[in-house]
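Colleague: I'd like a close look at one arginine and the helix pair around it. Could you take me through that spot, then show me how other parts of the model are put together?

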Amino acid sequence: MRTPIEIARLEEARLAAGVRDIVPEAVAWAGGSMCYAGPGSWANAVYGAGMNGPVSTADFDELDAFYRERAAGEKTAVKVELCPYADETLLRGLIARGFGLSEMASVMAMELSGADGAAGGARDLGRGVGHGVGRAVDPPVEVRRLERGDEAGLRAYATLAHDAFEGGGEIPEAEWGIRQRMLAHGRTVMLTAWSGGTLVGVAAMEVAGEVAAMFGGTVLEPFRRRGIHRLLIEERVRIAREAGASVAVIESDPGGATERNAERVGFRVVYSKAAVSRVFENDGN
């Protein structure tokens, strides 16, 4: 098993590059990426910073200018994800600039070895047979992989994800654009889970070289506690192995359902990370 710091270096670099490629605006910053996707977007954030050495005062000035300019008369919340292996100047500088703790997360990992099972496409996971150690699901669940150009499938995927993670309502154009770029760039696998003709869950994964990172997994409330979320993890593990990744990672709220289901599949917590946030305005405050 790789050491936690080896996994962190792979994952933080993957995260910085992956988000940079799907947002409308992004620039390199302190070894990571500063990203912006419009007012209120989850992607108004900094990823992978501080992993290559100290962060300077000039770097923090650049961060302030970047997000103040894009606030455009509105208050814009910006998040910076903090890896515990980042240089200590990153956290010290963010605190000095008014950032405060907003989130904690567990980063879990699992070593992958060899190919496992048949190639992709739609696959019946309803009885938990085949790949992995999934529990039986009743009624049966079919997991499908979105193909490039499937706008209708992507719209259904995006609607369920937006309802689950953003509380519903109309999908902002910026978020829809992010989903389109995710499906188009080829490194992201997007899965939908169906039961009796109803879309009941979604999940995604980016495979970037050695590392396969799982994210965005959710199941509709009436269909939870039936093993569907775990099956979506197992299917992504299978696809990651076939794609040649050597390690899979998944991020979870500490002690949350994702952490519990990932542990059952074979993932283990390798490090914890935090996020700090600050609200920017374009008046210089």
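Where is Arg-179 found, in which helix? And is Arg-179 buried or exposed?

Modeller: Before we start, keep in mind that this is a predicted model. Arg-179 sits in helix H5, which covers residues 173-184. Its relative accessible area is 12%, and since anything under 20% counts as buried, Arg-179 is buried. Leaving out residues up to four places away in sequence, Arg-179 touches Leu-154, Tyr-157, Ala-158, Ala-161 and Met-190. Of those, Leu-154, Tyr-157, Ala-158 and Ala-161 turn up again on the H4 side of the contact between helices H4 and H5.

So let's look at that helix pair. H4 runs over residues 151-166, and its axis comes within 10 Å of the H5 axis, the two crossing at roughly 125°. An angle like that makes H4 oblique to H5, and the crossing is right-handed. From H4, the residues taking part are Glu-151, Leu-154, Arg-155, Tyr-157, Ala-158, Ala-161, His-162 and Glu-166. From H5 they meet Glu-175, Trp-176, Arg-179, Gln-180 and Leu-183. By type, this contact divides into six nonpolar, two polar and five charged residues. When you look at the spacing along each helix, it helps to remember that an α-helix has 3.6 residues a turn, so residues three or four places apart point the same way.

A second helix pair is worth setting beside it. Helix H6 (residues 228-242) packs against helix H7 (residues 257-265) at an angle of about 50°, with the axes 9 Å apart. That makes H6 oblique to H7, and this crossing too is right-handed. On the H6 side you'll find His-229, Arg-230, Ile-233, Glu-234 and Val-237. Facing them from H7 are Thr-258, Asn-261, Ala-262, Arg-264 and Val-265. The residues in this contact split into four nonpolar, three polar and three charged.

Stay with H7 for a moment. Buried residues there are Thr-258, Glu-259, Asn-261, Ala-262 and Val-265. Their cover includes strand E5 (100-111), H6, strand E11 (247-252) and strand E12. Just past the end of H7, Gly-266 takes a positive phi of about 130°. Then you reach Arg-268, which is in E12. Arg-268 is partly exposed, with a relative accessible area of 49%. With residues up to four places away set aside, Arg-268 touches Val-107, Met-108, Ala-109 and Glu-263. The C-alpha atoms of Arg-268 and Met-110 are 6.7 Å apart, although their places lie 158 residues apart along the chain.

Follow E12 (268-280) out and the segment after it holds Glu-281. Glu-281 is partly exposed, at a relative accessible area of 28%. Not counting neighbours within four places in sequence, Glu-281 is in contact with Arg-68, Ala-71, Glu-74 and Lys-75. Its C-alpha is also 6.5 Å from that of Gly-73, a residue 208 places away along the chain.

Back before H6, there's an arginine to set against Arg-179. Arg-225 lies in the loop between strand E10 (211-219) and H6. Its relative accessible area is 66%, so Arg-225 is exposed, whereas Arg-179 is buried. Arg-225 also has a positive phi of about 65°, although it isn't a glycine.

Another non-glycine with a positive phi is Ala-30, at near 50°, and you'll find it in the loop between strands E1 and E2. Those two strands form a hairpin with two residues between them, Ala-30 being in the turn. E1 (residues 25-29) and E2 run antiparallel and are joined by five bridges, with Ala-28 standing opposite Ser-33 in E2. E2 also pairs with strand E3 (residues 45-47), again antiparallel, through three bridges. There, Met-34 has Val-46 of E3 as its bridge partner. Five of the five residues of E2 (residues 32-36) are buried, so this strand is largely enclosed by the rest of the structure.

Technical notes:
Residues are numbered from 1 along each chain as its sequence is written. This is a predicted model: local features need pLDDT of at least 70, side-chain atom pairs count only at pLDDT 80 or more; totals for chains, interfaces and linings use all residues. Side-chain values use heavy atoms; hydrogens and water are left out. Axes are lines fitted to C-alpha atoms, for helices over the stretch in contact, and angles run from 0 to 180 degrees between N-to-C directions. Helices (H or I, at least four residues) and strands (E, at least two) are DSSP runs, numbered from the N terminus. Angles under 35 degrees count as roughly parallel, over 145 as roughly antiparallel, 65 to 115 as roughly perpendicular and the rest as oblique. A crossing is left-handed if the near helix is turned anticlockwise from the far one by less than a right angle, and right-handed if clockwise. Contact means heavy atoms within 4.5 Å. Ala, Val, Leu, Ile, Met, Phe, Trp, Tyr, Cys and Pro count as nonpolar, Asp, Glu, Lys and Arg as charged, and the others, Gly among them, as polar. Buried means under 20% relative accessible area, exposed over 50%, partly exposed in between (1.4 Å probe, protein chains only). Two strands pair if DSSP finds at least two bridges between them.
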